[in-house]
Each structure stands twice: as structure tokens, then as C-alpha cells.
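User: I am new to protein structures and would like a close look at a single part. Could you walk me through the strands at the start of this chain and what surrounds them?

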Amino acid sequence: MHPFASYVLRSYYKATGWNEDNLFTNLTRSSDAILDFTVPKGLHLSISKSPNALFKTTYSMNAMPSLNGSVGYIFTSCDLNVKGSGDIRFKDMIERFRVYDQPRRPEGKEDEWLAGQRVDTRDYLLYGRYYLPTGRLDALYSTRLTPTLQAIVAAISTPPSATTRAQRSADPSNIMLYLQHDVGKWCSEYTWSAEDGMLGVKVLHNFGRLASDSSTSDDSDKGASVGIKRIDEEDAIEGGLKGRLSAGAEIYFSAKEKSAGVSTGIRFSTLPDATPPSFQLPSSISSPLPSPSPKNLPSPPTTITALFNPMLGHLSGAYSARISRDVALSSRFDFNVYSYESEWTMGAEWWLRRPPLESNDDEDDNSLPILPSEAKPNVEPGQVQGVVKARASTNNDVSIMWEGRVRNMLVSLGVVSDLSNRSKPIKAIGLELSYFASG
């Protein structure tokens, strides 16, 4: 489950029009959501508050296995529509399998003029978190320099008197700079770390058209009636998947370690996109769109990724697909060409919904069935009320986690087990409770 600070950061990106999915860093995000989910350890409590649209506070406490906590503050230059934990769309708080939309060129906000002078400023976000009792301080500053250029500064400060030498070496004080340049077709990232003098460059290229290139009309129904060919009306490739391709690479150099590295990656995602226009329209006789034939039915949402690090000899390939409305499966194979070590990981996510009033198999995630006037919004039939995630690998690790909403609180409960250890099969078990309010 996303922490409150991560939820606010994603809301900030959405409000400013920045596409965080068009990054080489997030190339394997769809499969990682199923295969690399984080199970809470011990008992974790967090409470957050949004006094207004610009300022947010968050407090967290770990009660087990040791007692510690933190206090965080977030300030943004733009108004954010941050909802409470009882009202927010549940899927917005969960890292989940998705086939992301076609990349778009970011657009800057409109110019604001007052008495003949430009008064608009750059959007930015400020975040700080203080940990007790260690005294560690985390800080982050994000700002848009231009419509296609974003800068991020992140810092970690650990007091020497509060930690041992081993703890300082594992989590040293550091400052990191990130520069991201996104033009839709291309996206590049430049990173620098002061602690080890690490300099890195990442590049991602998207093949095919941008999303803005395919939209020639504001009214989709009007476009269909005049014969404009939409993505979901294109001829399907029999016996295969139709989609788009993205490829990228990363190179980094550490001045302190006198070492360098390089890695490459490729991703294939099916078309139509995550929310095709045809799924948003009800099937009726009066619809201007022809009913798709079995031959032209859209392929199930699928993502295939492959990563290769030639210097370390690490090769990884993942296949993820949503086989039904509420079930997604993923598998990944990791192999090292030097040591011949390999690992196979399998995972699944299953969304739990309230029983609908009537069957509607073609219903999209963003639409809900019509309710009686006396029904309350927070008990809508068909609404997602939880998700169960599970993964297993050939190294005998098995993890299961349930995430859901209990009244106005978000809850995560999970367990990690090691089947090869008969004396201690349960490695970790945890419960996380999160509550935040707005206004």
C-alpha cells in the first residue's frame, strides 16, 4: 500500500501533468506490482491530515518489533484534491498491474497575467520527515523547470551521535540530484549521488505514435461516425498480440568505487490501452460503433519485459497479463550467465468486490453500476473492497498479503514464509493500519 507521502507525490504529478510511468526506472513496474510487493513487518500505524489543499502532515509509528516513529510535512504550490482514506478510490492506493496509456508530451500550465505582468510561478513540492529516536531527517524537493523538464533534490541526514558506525555505513548521509527530461517519444534521466560520486544516465524510447497523434477529435462518437479509425478498431493480428514497444538503456559510473555499469531493457505492451474507448460505451442498438467480431476482440492486457546487465551477466524476463476482470498473473525468470544461478518467481493478484446489483461483465474499473437512491456511496455494489496478492519462487519463499478497507481505515495484513526451514517456516508477519483525513 502506498504511504501517504507517496500518494501525495503521485497526486502532485497528476495535477501538474507529469507522466512518471514514462521512465526507464519504471520499465518493469507492471510485473513488480505483483512479484515484488512489500509485506509489512510487525505492527505499523500511520495517521495523516490535510488541513488545506496545499499543506499536509503525516505521523507514523512502528510498535513491533521495536518502538520508533516519524513525523512528516508536505507542502505544494498547487491545490491537490487529496481525499480521505474512507473516500479515496481504493485502487489509487495500491501498486497494481496496469497497462499504461500511450506516452504524451507534457504540457505546461497556462500563463497567468495581472496588470500586464506575468505572475504565474513554477510548480513545486516540499517534503520532510523526521525519525525518532534516531534523529534521521529525509527531505525532498521537486519542481518543474520547463514543461518537459523536472528537477528533484533528495537528501538524507543521519546524526553521527545517534547511530553506530555500522548503521551509518548502511544508511549514510547523502544528497542526490535527479533531472528528468520527457518529450513523450523520448525520456531521459540524469542522476548524481554525492556519497559515492555516482553519475548515471537513463534513456527510454517509445516506438510508434504518441497519444496526442491518434486523437483527432474531441468527441469520440463523432469521430467514429465519420469513419476515423480508432485504436480499438484496428485490425487484430491473428495468432499474436498487437501492441507497442519501448526500449531503453542505463549507464552509470562511481568515482569512489572506480567502477561502472550498464544495463538495457525492452518492454512490450498490448493495445488497446488500459482504458479503450469501446469499454466505456454501453453496448446498445443505438450505438454508432459496430460490435466487434471475435476475430477483432482486443487482446487481454499484457506486458512483457526483458532486462540485461552485460557486466554482471544478469538476465531477467517477465510476463504479466490480466486474465479476467479481477485476476492478473505474472511470472519472472532470472538467470546469471556467469554463475548459472537462476530463479523463477510466480505471482497473482485477485481483486475483491462487493456483489453487484446486476451482472455487467463488460463494466470498466472506473465505472460503477447505478445504485438505488437510498444506497450510500461508500457501499456501492461492484466497488473494489480489497485485493489478495500472492507470490512464490523456486527459493522456497512464499508471500501472501491482503489489503482492504475497514470502515474508514486502510489495512494491510501479510505473511512471509520459508518452506525450506522446518524449524521456523514463518519469516515475517505484519499488520499495517493507515488513516488520513482531508479538510
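Analyst: Here is a walk along three strands, ending with a surface patch. The model is predicted, so local features need pLDDT of at least 70 and side-chain atom pairs count only at pLDDT 80 or more, while totals for chains, interfaces and linings use all residues. Residues are numbered from 1 along each chain as its sequence is written, and side-chain values use heavy atoms, with hydrogens and water left out.

Let's begin with β1 (residues 42-50) and β2 (residues 55-64), which pair in the antiparallel sense over 7 bridges. Strands here are DSSP runs (E, at least two residues), numbered from the N terminus, and two of them pair if DSSP finds at least two bridges between them. A hairpin of 4 residues links β1 to β2, and Ser48 stands opposite Thr58 in β2.

Next, β2 and β3 also run antiparallel, joined by 8 bridges. The hairpin between β2 and β3 has 3 residues, and Met61 has Gly69 in β3 as its bridge partner.

Now look at Phe75, which lies in β3 (residues 68-76). Phe75 counts as partly exposed because its relative accessibility is 31%; the class runs between buried (under 20% relative accessible area) and exposed (over 50%), with a 1.4 Å probe and protein chains only. Phe75 belongs to a nonpolar surface patch, whose members also include Leu126 and Trp192, with about 630 Å² of accessible area together. Such patches are made of residues with over 30% relative accessible area and no salt bridge, with nonpolar side chains (Val, Leu, Ile, Met, Phe, Trp, Tyr) joined within 5 Å and like charges within 9 Å. A salt bridge is a side-chain nitrogen of Lys or Arg within 4 Å of a carboxyl oxygen of Asp or Glu, and accessible areas come from the Shrake-Rupley method with a 1.4 Å probe, where for residues only the protein chains shown count as cover.
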